[in-house]
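Me: I have a chain open on my screen and would like to go through its fold. Can you take questions as I scroll?

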Amino acid sequence: PECQKILSGFKTSSVLSDYTREKRIFIHGTLADQDAVVIMEKTPFREDDLAEFFSNSTLKLDMKNDIYSTYKLRAPPHLNEIKTTVVCPATEKHLNKYKRQESFLVEETKTDYESITLPFIEKQNTFSLQWVYNILQKKAEVERIVYEDPDSDTGFMLLPDFKWDQKQVDDLYLIAIVHPMNIKSLRDLTAEHIPLLKNIWQKGQAAILERYSLPANKLRVYLHYQPSYYHLHIHFTNLGYDTPGCGVDRAHLLSDVIQNLQSDPDYYKKRTLYFPLRVDDKLFSTFKEAGRV
Ligand code: M7G
């Protein structure tokens, strides 16, 4: 792939958030006068690179004391790449999504969903799904597809999530995007969708085993509620890696979802669901205006 210099024209406006331990930073700025978000993340070490890493690096001594010494290591640039994501033009919603801010747990009853959340989604207050349609119509990320089942009722596309650079299996992260076009989220699922969910569960696991040699019992497979994008998709992540968003407040294990629908066909239509929302999230304001926060 070609090397691009687009970031040389990036003008920083503010740091939206900065996660020291995860070595990840979210920056708001402009690119050619358009709002943009740049996300940079230092990537894990790869065992396969270690030999080259040691033979081609130089060390600058910081301090030495008895048997202890610390250094700054300069590695060859190709072994020290920074994973970077650019969103441009970025909307107000993107800036909110990436800004570090306080969250509150929201309670959503069946009625809240029907009177607050659903109208909110239908007014297209949510993120554009263009990137999802591009994947389903093979207009983008075509060469990244890991597995595809084209069936219009039970089919899906499995491909790497853009949070994963695919360099090591340790932080494996894929998403399965369903072919049916009318399932917005967990809330729309009924017993009718069990064949779709089981199909994704079985074929997704098999494809990941074949491609990455990672067995099913090493995978965390879940849905987000609320998601950011209201076209049903399932997250497949390495169990050994604490993916952002894998916590109990947003993640619903696919295995539980299937069982809940087996025990009650309308389980997710009726349940009260709990999830965190950020204070600047428009959905949060909508719940607040309705007196539900
Ligand atoms: P979500 O649960 O709707 O929202 O998941 P979240 O982003 O708040 O977790 C959407 C998933 O799709 C996330 O894991 C994103 O990293 C991933 N994703 C988002 N976009 C815009 C893209 C994209 O263009 N390509 C790919 N491959 N993944 C994306």
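What follows is a chat about this chain, its sheets, its helices and its ligand shell.

Me: Where do these coordinates come from, and how are the residues numbered?
Reply: This is a predicted model, in which local features need pLDDT of at least 70, side-chain atom pairs count only at pLDDT 80 or more, and totals for chains, interfaces and linings use all residues. Residues are numbered from 1 along each chain as its sequence is written.

Me: How many helices and strands are in the chain?
Reply: The chain has eight helices and 14 strands. Here helices (H or I, at least four residues) and strands (E, at least two) are DSSP runs, numbered from the N terminus. The C-alpha trace spans about 65 × 45 × 45 Å along its principal axes.

Me: What share of the residues counts as buried?
Reply: The figure is 19% of the 293 residues. A residue is buried if 20 or more other C-beta atoms lie within 10 Å of its own, exposed if 12 or fewer, and partly exposed in between, with C-beta atoms placed from the backbone.

Me: Let's start at the N terminus. Which strands make up the sheet with β1?
Reply: That is an open sheet of four strands in the order β1-β2-β3-β6, with antiparallel pairing. Its edge strands are β1 and β6 (82-87), each pairing on one side only. Two strands pair if DSSP finds at least two bridges between them.

Me: How do β1 and β2 connect?
Reply: They form a hairpin with four residues between them, and K23 in the turn has a positive phi of about 55 degrees. Strand β1 (residues 10-19) and strand β2 (residues 24-31) are antiparallel over eight bridges. One landmark is S14, whose bridge partner in β2 is H28.

Me: And how many residues of β1 are buried?
Reply: One of its ten residues is buried, so by the cut-off of 20 or more C-beta atoms within 10 Å the strand is hardly covered.

Me: What about the other end of that sheet?
Reply: Strand β3 (residues 34-42) pairs with β6 in the antiparallel sense over six bridges. M40 stands opposite T84 in β6.

Me: Now the other sheet. What is the strand order in the one with six strands?
Reply: The order is β8-β9-β10-β12-β11-β13, again an open sheet with antiparallel pairing. The edge strands here are β8 and β13 (251-253).

Me: How many residues of β10 are buried?
Reply: Six of the six residues in strand β10 (residues 173-178) are buried. Both faces are covered, with Y173, I175 and I177 on one side and L174, A176 and V178 on the other.

Me: What does β10 pair with?
Reply: Strand β9 (residues 156-160) pairs with β10 over five bridges in the antiparallel sense, and P160 stands opposite L174. Five bridges also join β10 to β12, which run antiparallel. There, A176 has I234 in β12 as its bridge partner.

Me: And β11?
Reply: Strand β11 (residues 219-224) pairs with strand β12 (residues 233-238) in the antiparallel sense over four bridges. R220 stands opposite T237 in β12.

Me: Which strands does helix α6 lie across?
Reply: Helix α6 (residues 254-263) lies across β11, β12 and β13, running at about 65 degrees to β13. Axes are lines fitted to C-alpha atoms, for helices over the stretch in contact, and angles run from 0 to 180 degrees between N-to-C directions.

Me: Back to the edge strand β8. Is Y147 buried or partly exposed?
Reply: Y147, found in strand β8 (residues 147-149), is partly exposed because 18 other C-beta atoms lie within 10 Å. Not counting residues up to four places away in sequence, Y147 touches L158, K203 and A207. Two residues are in contact if their C-beta atoms, placed from the backbone, lie within 7 Å.

Me: Which residues of α3 meet α8?
Reply: I116, T117 and F120 in α3 meet L283, T286 and F287 in α8. Helix α3 (residues 110-122) and helix α8 (residues 282-289) pack at about 145 degrees, with their axes 10 Å apart.

Me: Last one. Which residues surround the ligand?
Reply: The shell consists of W131, E141, L159, D161, F162, K163, I175, H224, P227, S228, Y229 and G245. A residue is near a molecule or strand if its C-beta atom, placed from the backbone, lies within 6 Å of it. By class, the shell has six nonpolar, three polar and three charged residues. Ala, Val, Leu, Ile, Met, Phe, Trp, Tyr, Cys and Pro count as nonpolar, Asp, Glu, Lys and Arg as charged, and the others, Gly among them, as polar.
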